[in-house]
Amino acid sequence: LAIELDREILRRWPERPSAAGSLDQIGDIQAQYKNDLVAALATYQELVKNYPRSPQVAGVKQKIENIK
């Protein structure tokens, strides 16, 4: 349910400051609770690509390296 809600936030308000945080949260859920590292990696990469100036980027880049 959390992933669906965060995706809805992204769909409706992609320019809001919380959008990058939503992607970060989705990636964390995919990695930690669903154990789907492929999906988490894609989500984190989406965040870096679409929100390169977000404060989350530095931490997300580390998560990407940890997955690789």
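Let me start with a term: buried means under 20% relative accessible area, exposed means over 50%, and partly exposed is anything in between. Keep that in mind, since I'll lean on it throughout. Here is a case to try it on: K63 has a relative accessible area of 25%, so K63 is partly exposed.

Now, what are we looking at? This is a predicted model. How high is the mean pLDDT of the protein chain? The mean is 91, and 100% of the residues reach 70 or more. Confidence does vary along the chain: helix α1, residues 2-12, has the lowest mean, at 85, while α3 has the highest, at 96. As a general habit, where pLDDT is low, the predicted coordinates should not be read in detail.

Let's go to helix α1. Which of its residues are buried? They are I3, D6 and L10. If you look down the axis of α1, these buried residues fall within an arc of 70 degrees, so they line one face of the helix. And what do the buried residues of α1 pack against? Their packing partner is α2. On the face turned away from that buried side, α1 carries the exposed residues E4, L5 and R11. So please find those two faces on the structure, because the buried residues line one face of the helix.

Staying with α1, let's talk about charges. How many salt bridges does the structure hold? It holds five. One of them joins the side chains of E8 and R12, at 2.5 Å from N to O. Why is this pair easy to place on the helix? E8 and R12 are four residues apart in α1, which means they are separated by about one helical turn. E8 itself is partly exposed, with a relative accessible area of 28%.

Now for salt bridges that reach between helices. The side chains of D24 and K63 meet at 2.7 Å, N to O. D24 is in helix α2 and K63 is in helix α4, residues 57-67, so this pair ties together parts that are 39 residues apart in sequence. Is D24 buried or exposed? Its relative accessible area is 14%, and because buried means under 20%, D24 counts as buried. Remember that K63, across the bridge, is partly exposed.

K63 has a second partner to show you. The side chains of D28 and K63 also meet in a salt bridge, at 2.8 Å from N to O. D28 lies in α2 and K63 in α4, so here the parts tied together are 35 residues apart in sequence. Salt bridges that share partners also join E8, R11 and R12 into one network.

Let's stay on D24 for a moment and look at its surroundings. Leaving out residues up to four places away in sequence, D24 touches Y44, L47, Q56, V60 and K63.

Some of those names come back in the next part, which is the largest nonpolar core. How many residues does it have? There are 16, and the ones that touch the most other members are L10, L23, Y44, L47, Y51, V60 and I64. Which elements give two or more residues to this core? They are α1, α2, α3 and α4. The element that gives the most is α2, with six residues.

L23 is a nice member to zoom in on. What does L23 touch? Setting aside residues up to four places away in sequence, the list is R7, L10, T43, E46, L47 and Y51.

Next, have a look at Q25, which is also placed in helix α2. Q25 counts as partly exposed, at 39% relative accessibility. Again without residues up to four places away, Q25 touches A2 and D6. You can also compare Q25 with L1: these two are 24 residues apart along the chain, and their C-alpha atoms are separated by 12 Å.

One last stop: N35. Where does N35 lie? It is in the loop between α2, residues 18-32, and α3, residues 37-50. N35 has a positive phi of about 50 degrees, although it is not a glycine. Is N35 buried or exposed? At 62% relative accessibility, N35 counts as exposed.

To wrap up, here are two things to find on the structure yourselves. Look for K63 in α4, where it meets D24 and D28. Then look for the largest nonpolar core, to which α2 gives six residues. Thanks for listening!

Note on methods:
Residues are numbered from 1 along each chain as its sequence is written. This is a predicted model: local features need pLDDT of at least 70, side-chain atom pairs count only at pLDDT 80 or more; totals for chains, interfaces and linings use all residues. Side-chain values use heavy atoms; hydrogens and water are left out. Buried means under 20% relative accessible area, exposed over 50%, partly exposed in between (1.4 Å probe, protein chains only). pLDDT is the predictor's confidence in each residue, from 0 to 100. A salt bridge is a side-chain nitrogen of Lys or Arg within 4 Å of a carboxyl oxygen of Asp or Glu. The arc is that of the directions from the helix axis to the C-beta atoms. Contact means heavy atoms within 4.5 Å. A nonpolar core is a set of buried Ala, Val, Leu, Ile, Met, Phe, Trp, Tyr and Cys residues joined through side-chain atoms within 4.5 Å.
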